[in-house]
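Here are a few short exercises to help you get to know a new structure. Try each task on your own before you read its solution.

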Amino acid sequence: MGSNSSRIGDLPKNEYLKKLSGTESVSENDPFWNQLLSFSFPAPTSSTELKLLEEATISVCRSLVVNNPRTGNLGALIKVFLSRTKELKLSAECQNHIFIWQTHNALFIICCLLKVFICEMSEEELQLHFTYEEKSPGSYSSDSEDLLEELLCCLMQLITDIPLLDITYDISVEAVSTMVVFLSCQLFHKEVLRQSISHKYLMQGRCLPYTSKLVKTLLYNFIRQEKPPPPGAHVLPQQSDGGGLLYGLASGVATGLWTVFTLGGVGSKAAASPELSSPLANQSLLLLLVLANLTDAADAPNPYRQAIMSFKNTQDSSPFPSSIPHAFQINFNSLYTALCEQQTSDQATLLLYTLLHQNSNVRTYMLARTDMENLVLPILEILYHVEERNSHHVYMALIILLILTEDDGFNRSIHEVILKNITWYSERVLTEISLGSLLILVVIRTIQYNMTRTRDKYLHTNCLAALANMSAQFRSLHQYAAQRIISLFSLLSKKHNKVLEQATQSLRSSLSSSDVPLPDYAQDLNVIEEVIRMMLEIINSCLTNSLHHNPNLVYALLYKRDLFEQFRTHPSFQDIMQNIDLVITFFSSRLLQAGAELSVERVLEIIKQGAVALPKDRLKHIQLPYGILA
């Protein structure tokens with residue numbers, strides 16, 4: 001590298017890298033470091049270029065792996081970086097571009113080396129490489145300072161204490177990215193790590209006091225979505241969009257960790273990489289999620305998860321209980337706004353799920369918002385475009401809805417929010433519809449997509465559970481939403497009849513030929529009948545609890561009443577069919593009395609009058625306590 005710009009193809013022959021990785025020890029006070037760190041590097045703009053970079057530098061890194069036990073040059077490089085970071089805050093205040101630039105470059109090299117070291121060796125070997133000094137071959141100092149712990153503490157201080165300015169933006173991104181790379185050890189182990197170096201250094205010792213401050217800073221980085229400084233303000237020459245070389249390297253690592261820590265992902269559609277307006281916000285979010293999902297240590301819970309579970313709103317003046325460690329406060333309004341705006345990212349959806357599921361303060365705040373449509377609409381749009389999303393993004397969006405629909409207040413309020421012109425919903429023009437009716441439409445569409453494509457039992461079970469949670473609070477359902485509920489039941493009914501017919505034909509064939517194995521249709525029938533029962537429970541719950549609020553559903557029920565005839569005497573559905581059968585019989589009788597050739601408006605008027613006249617005690621109440629089933 002050195003003072004001149006380098007190209008990827010030149011790296012294996014670069015004299016400074018050769019000296020760093022060679023057999024000669026370099027003292028931390030040697031002028032060589034100023035020469036090595038005075039480089040500007042054209043950032044790769046594609047995965048192909050990133051791969052070329054790794055291929056070009058692998059020989060240098062492996063050479064350092066071999067020679068470092070003798071030279072201790074990795075430790076010397078880290079000490080150079082550590083000594084510079086002590087003056088970093090002052091350099092930022094004094095606008096010392098050159099000093100910050102070289103410190104950034106030192107961290108860049110450390111991170112590149114760390115990534116290869118983690119890939120090539122065990123954690124025990126990695127720790128040894130941080131202890132080697134300039135001594136006899138293979139020797140190391142057991143009583144010297146722990147450079148790895150020093151480095152991690154320094155990175156935490158850099159992230160939390162260095163002011164975010166134009167000249168410090170890049171090094172802030174690199175510090176977050178280096179921590180992501182450090183935590184990538186889990187990628188190279190099939191079993192869940194509970195005694196890794198991340199547990200040793202991040203969950204105890206000198207790093208532990210930084211827990212709440214680090215989590216708070218990472219959250220605020222996500223909230224603020226700070227863009228990179230404009231051309232000319234960078235310490236390094238401005239390259240193409242994307243946040244620089246190290247950002248690209250660490251993003252690749254973080255994407256792998258993301259798959260490890262989330263639902264699904266195996267064999268599903270890869271997440272499309274959106275254009276990143278804020279590399280710092282994106283990397284901070286990834287680091288936050290990885291920290292939150294670290295397993296508990298053998299003797300202590302994950303402090304980062306504890307911090308995420310317990311933080312409060314800045315407007316909450318109540319004291320923290322003494323039993324809650326790592327507590328802090330953050331502006332919930334700003335956090336809510338950022339979460340609403342960033343749901344196109346599956347990482348942001350995971351953060352939303354984590355907060356709703358684990359932080360009761362955040363959940364209570366969000367459910368009390370009067371503008372819940374700002375949060376719910378992006379979640380519905382994820383489910384609506386299920387074909388374009390990977391499985392874990394869809395699951396997270398669905399489970400968020402399931403958590404929200406467990407709250408009766410939410411289920412009531414969404415039917416009071418009226419939306420106009422939902423442009424992304426293309427099946428039908430929706431000029432005016434309640435948020436509740438739109439939610440029903442999108443969930444039903446997800447079920448139908450799943451039935452014809454992925455056929456994931458847990459996906460449609462969770463979808464139906466969300467509808468069941470809402471069903472007692474259905475209010476003024478849009479006529480299209482009511483039609484889709486009955487249409488879904490019709491689809492399930494046809495599927496049930498088809499499987500039943502196939503089972504009958506298979507049984508006849510087996511009687512005539514004993515050599516033909518009999519397909520297991522019983523299991524298919526059980527699954528379909530389970531889903532049909534859930535649909536009947538949803539319809540029944542709505543009729544029992546809010547019949548007079550939903551004339552459109554009664555209308556759709558009467559229009560397709562023949563669908564339900566076959567289930568009246570079915571032993572699996574007799575109990576749940578009683579209320580539905582009563583409603584169909586009652587309203588059919590009133591329509592017959594009104595005469596023939598009735599308009600839609602007249603039918604709806606008769607239904608509204610009948611809903612008032614029908615004694616409520618004639619309908620049997622059934623409790624539907626659905627929760628997260630996946």
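**Exercise 1.** Find what share of the residues of this predicted protein model count as buried.

Solution. Start with the chain itself: the protein has 630 residues. Next, apply the cut-off, under which a residue is buried if its relative accessible area is under 20%. Of the 630 residues, 54% count as buried. To complete the picture from the outside, the protein exposes about 28200 Å², and carbon and sulfur atoms supply 50% of that area.

**Exercise 2.** Decide whether Cys94 and Cys340 are buried or exposed.

Solution. Take Cys94 to begin with: its relative accessible area is 52%. Exposed means over 50%, so Cys94 is exposed. Now turn to Cys340, whose relative accessible area is 12%. Because buried means under 20%, Cys340 is buried. As for disulfides, a pair of cysteine sulfur atoms must lie within 2.5 Å to count. By this rule the model has zero disulfides.

**Exercise 3.** Describe the elements of the fold and how its contacts are spread along the sequence.

Solution. Count the elements: there are 27 helices and four strands. Then look at contacts with a separation of 6 or more: residues 24 or more positions apart account for 75% of them.

**Exercise 4.** Work out where the model calls for careful reading.

Solution. Begin with the whole protein: its mean pLDDT is 84, and 85% of its residues reach 70 or more. Then go to residues 136-140, where the pLDDT is below 50; beyond near neighbours in sequence, this stretch has 11 contacts in the model. Residues 235-268 also have a pLDDT below 50, with 87 contacts beyond near neighbours in sequence. Where pLDDT is low, the predicted coordinates should not be read in detail.

Key:
Residues numbered from 1 in each chain as written. Predicted model: local features only at pLDDT ≥ 70, side-chain atom pairs only at ≥ 80, totals over all residues. Heavy atoms only, no water. Buried < 20%, exposed > 50% of the residue type's maximum accessible area, 1.4 Å probe, protein only. pLDDT = per-residue confidence, 0-100. Contact = heavy atoms within 4.5 Å. Helix = DSSP H or I, 4+ residues; strand = E, 2+ residues; numbered from the N terminus. Areas by Shrake-Rupley, 256 points an atom, 1.4 Å probe, with all protein chains shown as cover.
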